[in-house]
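Student: I am new to this structure and would be grateful for a close look at a single part of it. Please take the sheet and place it within the whole.

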Amino acid sequence: MSDDGTRAISVIAFIGSVFSPWYAWSGRRDPENHVCINVATYGRGGRFTMTDRGRAALRQSAQRFQVGPSAVNWNGSELVIEVNEVAAPPLPGRVQGTIRLTPEAVTAVEMPLTPDGAHVWRPFAPVSRIEVNMEAAGWQWRGHGYFDANFGTRALEADFSRWTWGRYPTADGALATYDAVRRDGSELATAARFDASGGAGIVAPPPRQELSRTLWGIPRQARGDEGARPRQVKTMLDAPFYSRSMVETVLDGETTVGVHEALDLNRFRSPWLKPMIALRVPRRRNWEFGD
């Protein structure tokens, strides 16, 4: 998120593109044949790009992950993201530039989301600074950043009905909340507090508070102090099964604006939805590197 709150950017690098209908239709047998670097920019002139690519577009090393024309590189102190993508309708256009994320510290936290460890959350750097330099006019800014990863050996919709996640900057670091309803009826309800030195600890989650439904009718809740009224201050992504937004809430008496996500996996697993997603997520099987 930009320091002035007017712009934001999200980048997700996938091996096995979990939200791609093409990967689902393939039977999810070959994750490396469905790779993607999804980039979404929010604010005036924002764009969305998510191209499902085949294994010919994939290059990996210990420090670098490249999918076709875009790449994510760890140089020892920064995560440098090189973006060169084409946006999806209804706002087509090129999304091109460089993003630098500099962690205050890198944590050692790893949290299983299911009892058998089939899904794991790894918050690498919950407290970071970000510098965005895109070619579009006005897309040069700095702000507060976050870097995490999720790993799984089964499809999300096989184990979860829905989940809600939030990450909020605080005066001394950040607080992340994770709520999920699993297919077996059990629930995950946890919160983790991070400081700028990389320290982390599980804390009692603040009370659940109602948040307005999305335009697609997805029910949402957010965490906040007793009596707090979380509110959406900026829509980021509003899809039939997924919502990302900037939400203002109160945590330990501190008013903060963070990123909130809600995912309806019952709706995502519906066969009728995947053709709709395919209109926004093209499939490109072939790729040739210039060298």
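Tutor: The answer below turns to the open sheet, then to the overall form and the aromatic residues.

The model is predicted. The protein contains four helices and 22 strands, and seven of the strands build an open sheet. Read across the sheet, the order of the strands is 16-15-14-13-21-20-19, and their pairing is antiparallel. At the edges lie strand 16, residues 200–203, and strand 19, residues 231–238; each of these two has a pairing partner on one side only. From one strand to the next, the twist averages 20 degrees.

Within this sheet, one pair of strands may be followed residue by residue. Strand 20 covers residues 242–251 and strand 21 covers residues 254–264; ten bridges join them in the antiparallel sense. Threonine 249 faces a residue of the same type, since its opposite number in strand 21 is threonine 256.

One end of strand 20 also leads to a group of aromatic residues. Tyr242, a residue of strand 20, belongs to a single aromatic cluster together with Phe14, Phe19, Phe241 and Phe268.

The sheet may now be set within the whole protein. For 291 residues, a compact globule would have a radius of gyration near 19 Å, and the 18 Å of this protein agrees with that expectation. The C-alpha trace spans about 55 × 40 × 35 Å along its principal axes. Of the 291 residues, 51% are buried. Among contacts with a separation of 6 or more, 51% join residues that are 24 or more positions apart. The protein exposes about 13,600 Å², of which carbon and sulfur atoms supply 50%.

Aromatic pairs complete the picture. The structure holds 14 of them. One of these joins tryptophan 139 and tryptophan 141, whose rings are 6.3 Å apart from centre to centre, with 55 degrees between the planes, a tilted arrangement. Tryptophan 139 counts as buried because its relative accessibility is 2%, and tryptophan 141 is likewise buried because its relative accessible area is 9%; the cut-off for a buried residue is under 20%. Another pair consists of phenylalanine 160 and tryptophan 163, with 5.3 Å between the ring centres and 65 degrees between the planes, which is edge-to-face. Both phenylalanine 160 and tryptophan 163 are buried.

Key: Residues are numbered from 1 along each chain as its sequence is written. This is a predicted model: local features need pLDDT of at least 70, side-chain atom pairs count only at pLDDT 80 or more; totals for chains, interfaces and linings use all residues. Side-chain values use heavy atoms; hydrogens and water are left out. Two strands pair if DSSP finds at least two bridges between them. Axes are lines fitted to C-alpha atoms, for helices over the stretch in contact, and angles run from 0 to 180 degrees between N-to-C directions. The radius of gyration is taken over C-alpha atoms; the globule rule is 2.2 Å times the number of residues to the power 0.38. Buried means under 20% relative accessible area, exposed over 50%, partly exposed in between (1.4 Å probe, protein chains only). Contact means heavy atoms within 4.5 Å. Accessible areas come from the Shrake-Rupley method with a 1.4 Å probe; for residues, only the protein chains shown count as cover. Rings of Phe, Tyr and Trp (its six-membered ring) pair if their centres lie within 6.5 Å; planes under 30 degrees apart count as stacked, over 60 as edge-to-face and the rest as tilted.
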